[in-house]
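Colleague: I would like to go through the labels used for this model one by one. Please give the rule behind each label before you apply it.

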Amino acid sequence: MNESITALETDELPPSKGLFQERWDILKRNKIAYGSFWFLMSLLALAFFGKLLTRYIVVFDPKIVRLSEKFLPPLTAFTSSITPKEDAPTFDIYLFGTDELGRDVFARMLEGTSVSLSVGFVAVGIMLTVGIFFGGIAGYYGRVKLGFITVDTIIMRFVDIMLCFPTFFLILTVVALLPPSIYNIMIVIGLTSWMGTARFVRAEFLSLRDQDFVAAARSQAIPEWRIIFIHMVPNAIAPVLVSATLGVASAILTESALSFLGFGVQPPDATWGNILSDGKNFLFDAPWLTFIPGFTILLVVLAFNLCGEGLREAFNPKLKTTY
Amino acid sequence: MVNFILRNIWQRIILLIFISIISHAIVHLAPGEPALVDPSNPRMKAEDIQRIRAAFHLDEPLHVQYVYWVKDLFTGELKSFKDNQPVMEKIWKRFLNSLPLFVIATFITWCLAFPVGIRAAVNRDSTFDRSSTFVSYALISIPGFFLSYLVIIFMVKTFNIPVLGMRTFGLENASFLFQSMDRVWHLTIPALMSAIAGTAVLSRYVRSQMSEVLHQDYMRTARAKGLPEDQVIYHHGLRNALLPFITMFGLTIPGLIGGSVIFEQIFSWPGMGRLGYEAILARDFPIILTLNFMTAILVLVGTLVSDILYAVVDPRIKF
């Protein structure tokens with residue numbers, strides 16, 4: 001019975017799919033991108049549980065200092081008689097070894113996962129907000145004149161000005177002059193990277209603003225902000241999604257570079273970047289302090305880049321699902 | 001054509017004025033004044049701080065400070081807060097150090113990226129294509145300083161070559177040949193390291209440009225004429241794929257200052273990026289501002305030159 005129904009359905013045209021369903025199927029065919037997508041999803045889950053565990057369960061606490069246990073290589077069992085039993089690491093084993101203060105590197109990496117990812121995501125959130133706002137305004141009100149120049153000219157010249165700053169130097173200047181705080185780093189990275197998004201959104205809006213659904217929305221006297229942000233932005237989301245994914249990757253890298261120069265997230269907050277830059281001082285005595293965070297950053301940033309690249313290919317309108 | 005160039009220069013000058021105003025405002029409005037760098041120093045009394053602030057015009061309103069800065073910059077009178085040396089002279093000295101690093105890194109980048117990108121595009125989906133794609137993503141994703149440390153350890157342990165600084169200390173009396181070899185060795189690793197990320201990005205661009213061009217009709221025509229494959233790819237294909245890279249070349253110039261901070265720090269290279277980093281630490285506003293301003297000039301000149309070159313190279317572009 002079932003078989004005959006499927007046979008009937010295949011005689012007709014295949015059921016029409018939404019844009020995202022169609023693009024999702026293209027992404028699925030790219031095994032590397034699809035794999036890195038699920039890798040990142042599981043990393044998010046890990047970051048979430050890591051946050052909960054390090055916050056509420058004592059044995060996971062990354063801040064416990066055990067000076068008698070410093071520089072233990074990875075996979076050392078907990079055998080100390082000096083350190084009290086309640087300070088023992090997870091499962092009584094130092095999975096990733098200990099650092100110069102005898103802190104459990106596994107617990108610190110777990111804490112760093114959520115901090116590093118939230119630096120990336122908040123910075124990208126700011127980048128998207130500012131980028132979509134300016135890009136949307138420039139694209140929608142582009143022809144409106146303010147005095148002798150158009151809105152579009154003002155905003156795009158401002159984008160040009162921002163592009164002329166050497167980004168990393170600007171970030172460094174502002175972060176060094178402001179009091180050190182994790183929020184300043186997120187905000188500064190976000191505010192110096194929105195120009196690309198603004199350009200993409202503007203380009204999409206230029207073709208969207210003359211389409212029928214926008215005219216229909218305008219004819220119903222829907223407020224303009226609602227047309228821009230509720231009706232038009234979802235239609236321009238594809239390039240934004242790609243630049244967001246790549247943006248998280250570069251934000252994580254920027255944070256680690258800032259940590260290297262001593263302006264990153266300050267202790268006691270652990271991020272992959274500052275574990276790595278602390279660890280490099282003990283490169284010869286305790287190489288795992290450098291290699292574990294280094295290769296973690298490499299793996300995660302690589303996954304973000306491959307996933308973003310897969311999304312870019314999937315949203316490329318020249319590609320269609322072929323059966 | 002002349003009209004186009006003049007209009008472009010005029011627009012860029014206006015942009016430059018806005019850039020200098022914004023960067024001046026950012027640097028001066030951020031908390032942390034030069035006088036407050038060493039707050040625990042007991043010899044700094046309140047009246048001393050006041051005197052220093054007056055000497056550097058820091059007690060004036062912001063727009064007056066801006067005018068002072070611009071006036072000093074263009075009369076060559078601008079002095080560093082830290083050691084009272086002329087700013088332009090300091091920057092020029094560091095610029096001469098940065099230049100060989102930048103030139104060689106750029107040279108390595110362009111010489112490596114093109115062959116890799118072209119080969120990947122011509123043999124699409126081959127093993128070479130897949131592995132070069134993966135390797136370039138890996139090189140983009142690795143923190144630059146982590147990779148540099150790995151390379152330093154490897155190089156020093158295996159080849160026993162010097163990597164830190166610009167020259168080995170105490171070689172001043174050695175023969176010229178020996179000294180220059182020493183300089184070359186010191187230059188190699190930093191240049192290679194700062195070229196790596198750029199090479200990875202550029203080879204991806206080359207690949208996508210090339211594979212777009214390879215599907216054009218004129219390529220099929222060239223093959224149909226019976227031209228040898230090499231001539232088809234390099235003469236008909238590559239020359240058309242090269243166009244967008246004129247723009248990219250203009251955009252690599254600001255890397256001279258901003259992109260080199262990390263690598264100059266790792267390899268203790270006394271260049272412009274490090275000068276900027278030291279100036280930031282010391283709140284040396286004239287140097288920070290002047291470096292920012294010069295980067296902006298470099299970007300604007302770079303884009304202007306690439307716009308003009310674009311028009312010269314591609315006859316399809318009209319003004």
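Colleague: How many salt bridges does the rule find across the interface of chain B and chain A?

Modeller: The rule finds 0 salt bridges across that interface. A salt bridge here is a side-chain nitrogen of Lys or Arg within 4 Å of a carboxyl oxygen of Asp or Glu. Over all chains, the search of the whole structure finds 11 salt bridges. Before going on: this is a predicted model, where local features need pLDDT of at least 70 and side-chain atom pairs count only at pLDDT 80 or more, while totals for chains, interfaces and linings use all residues. Residues are numbered from 1 along each chain as its sequence is written, chains are lettered from A and ligands numbered from 1 in the order in which they are written, and side-chain values use heavy atoms, with hydrogens and water left out.

Colleague: What makes A:Asp160 and A:Arg199 a salt bridge?

Modeller: Their side chains meet at 3.4 Å, N to O, and the rule asks for within 4 Å, so the pair qualifies. A:Asp160 is in helix H5 (residues 151-164) of chain A and A:Arg199 in helix H8 (residues 195-208) of chain A, 39 residues apart. Helices are DSSP runs of H or I with at least four residues, strands are runs of E with at least two, and both are numbered from the N terminus.

Colleague: Why is A:Asp160 called buried, and why is A:Arg199 called partly exposed?

Modeller: Buried means under 20% relative accessible area, exposed means over 50%, and partly exposed lies in between (1.4 Å probe, protein chains only). A:Asp160 has 18% relative accessibility, so A:Asp160 counts as buried. A:Arg199 has 42%, so A:Arg199 is partly exposed.

Colleague: Which salt bridge in chain B links distant parts of the chain?

Modeller: B:Arg12 and B:Asp307 meet in a salt bridge at 3.3 Å, N to O. B:Arg12 lies in helix H1 of chain B and B:Asp307 in helix H13 of chain B, 295 residues apart. B:Arg12 has a relative accessible area of 13% and is therefore buried. B:Asp307, with 30%, is partly exposed.

Colleague: How do you know that B:Arg223 forms a salt bridge with B:Glu229?

Modeller: The closest N and O atoms are 3.0 Å apart, and that value is set against the cut-off of within 4 Å. B:Arg223 is partly exposed because its relative accessible area is 37%, and B:Glu229 is also partly exposed, at 39%. Elsewhere, salt bridges that share partners join A:Arg157, A:Asp160 and A:Arg199 into one network.

Colleague: What does the contact between chain B and chain A consist of?

Modeller: The contact takes 39 residues from chain B and 38 residues from chain A, contact meaning heavy atoms within 4.5 Å. The two chains bury about 3600 Å² between them, 85% of it on carbon and sulfur atoms. Buried area is the accessible area (1.4 Å probe) that two parts lose on being put together, summed over both. On the chain B side, B:Tyr137, B:Phe145 and B:Phe146 lose the most area to chain A, together 17% of what that side buries.

Colleague: How many residue pairs are in polar contact across the interface of chain B and chain A?

Modeller: The rule finds 4 such pairs, both residues at pLDDT 80 or more. A polar contact is a pair of N or O atoms within 3.5 Å; within protein, one must be able to donate a hydrogen and the other to accept it, and residues adjacent in sequence count only if both atoms are side-chain atoms.

Colleague: Why does B:Ser132 count as buried?

Modeller: B:Ser132 has 15% relative accessibility, so B:Ser132 counts as buried. B:Ser132 lies in helix H5 of chain B, and its side chain reaches the backbone oxygen of B:Asp129 at 3.1 Å. Not counting residues up to four places away in sequence, B:Ser132 touches B:Val116 and B:Ala120.

Colleague: What makes helix H12 of chain A mostly covered?

Modeller: In helix H12 (residues 272-279) of chain A, 7 of the 8 residues are buried. Among them are A:Trp272, A:Ile275 and A:Leu276. The buried residues of H12(A) pack against helix H3 (31-56), helix H4 (105-140), helix H11 (237-260) and helix H13 (288-314) of chain A, together with H6 of chain B.
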